[in-house]
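Visitor: I would like to learn how to read a few features of a protein model. Where should we begin?

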Amino acid sequence: MRKLLNTLYITNEDAYLTLDGENLVCKIDGESKFRIPFDNIENIVCFNYLGCSPALMGKCVGKCIPINFVSPQGQFLAKVCGETRGNVFLRVAQIDRFRESGLVLSRNTMAAKFCNSVQTIKRTLHDTPSLREDEALTAAIDTLTEGTKTLMTADNVEQIIGIEGNCAHSYFSVFDKLITCRDADIHFTYRNKRPPLDEVNAALSFVYTLLTNEFAAALETVGLDSYIGFCHTLRSGRSSLACDLVEEARCLADRFVLTLINLRVITAKDFDRQISGAVWLNDDGRKKVLTKWQEKKRTDYLHPYLKQKIQFGLIPYVQSNLLAKYVRGDIPEYPCFLIK
């Protein structure tokens, strides 16, 4: 099993990363703040604008350590990674398999997403008995359940995207009810992004970005091309396959954000509202979310397909490996990620 190393998050906007032998050095205003051996790092995410030295980038490329540049608000900007070293025959098989079975994969992925969304709602119903008779929540579960059945009759990806849009609207129409900590001064009206217009959307978009980056890195690790997907349309610079796999795992990000809010780990004070109306996590808020995210990644999780405990942070690598096995023909069907 792959060893889960550290993802280094640089949250200080004035930080600059440099190279010193076999160590990564973080400097602020010319003063060294810390150094980390490269053997302890598997991924770097920078929320700063000063960036990294060319020497450090070259070292990371040689060690296959991707550097992701993300704006302080959580918007993905760019990625520096090494030469593609995956099996070229696997990538050819990936294209052939997606052309042949893209519709089936899209159906199953969205069906898994809907089932996981239902489980997210039921988790709240289990923890909050007063909501068990709520008609809106019941209606949302019915819509998602019916959407899962309708997917099986879809003739093309466009129909699947339409069904997904309707189910996502129903799911997020009741998302505010899943926020049970009513004195948190945080509310959710509807899903919005680019930019997010409330605290919940800001947190969701931020964690979705983290999860997508981790899936992209995992896909590259197993030799698949993260830019060639089966459901999301191809777009220059977008990791379409990572976006595809994230769909079935969004429930993990949703549950994580709900937990942070309901336990008051993050509050309205951890966000900044711009004149434009956009809402972003501030520096303290980002540090809280990233700290808890790192802690969450190291917890044990019983994988539904493997039937064994793995670290939460290895889920993207396990799913990417299972997809690679399906592409190679080692297994007859790709087992989508389902929560219990």
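Guide: Begin with accessibility. This is a predicted model. A residue counts as partly exposed when its relative accessible area lies between 20% and 50%. Val 92 has 43% relative accessibility, so Val 92 is partly exposed. Val 92 sits in helix α2, which covers residues 88–127.

Visitor: Which residues make the nonpolar surface patch with Val 92?

Guide: Val 88 and Phe 89 join Val 92 in a patch of about 330 Å².

Visitor: How do I read a salt bridge, and how many does a search of the whole structure find?

Guide: Look for a side-chain nitrogen of Lys or Arg within 4 Å of a carboxyl oxygen of Asp or Glu. The search finds 17. One of them joins Lys 113 to Glu 247, with the closest N and O atoms 2.7 Å apart. Lys 113 is in helix α2 and Glu 247 in helix α6, so this pair ties together parts 134 residues apart in sequence.

Visitor: Is Glu 247 buried or exposed?

Guide: Buried means under 20% relative accessible area. Glu 247 has 6%, so Glu 247 is buried. Lys 113, at 12%, is buried too. Both belong to a network of salt bridges that also includes Glu 164 and Arg 250.

Visitor: At what angle do helices α5 and α6 pack?

Guide: The angle is about 140°, and the axes are 8 Å apart. Roughly antiparallel would need an angle over 145 degrees. The packing angle therefore makes α5 oblique to α6. Their crossing is right-handed.

Methods:
Residues are numbered from 1 along each chain as its sequence is written. This is a predicted model: local features need pLDDT of at least 70, side-chain atom pairs count only at pLDDT 80 or more; totals for chains, interfaces and linings use all residues. Side-chain values use heavy atoms; hydrogens and water are left out. Patches are made of residues with over 30% relative accessible area and no salt bridge: like charges are joined within 9 Å, nonpolar side chains (Val, Leu, Ile, Met, Phe, Trp, Tyr) within 5 Å. Accessible areas come from the Shrake-Rupley method with a 1.4 Å probe; for residues, only the protein chains shown count as cover. Helices (H or I, at least four residues) and strands (E, at least two) are DSSP runs, numbered from the N terminus. Buried means under 20% relative accessible area, exposed over 50%, partly exposed in between (1.4 Å probe, protein chains only). Axes are lines fitted to C-alpha atoms, for helices over the stretch in contact, and angles run from 0 to 180 degrees between N-to-C directions. Angles under 35 degrees count as roughly parallel, over 145 as roughly antiparallel, 65 to 115 as roughly perpendicular and the rest as oblique. A crossing is left-handed if the near helix is turned anticlockwise from the far one by less than a right angle, and right-handed if clockwise.
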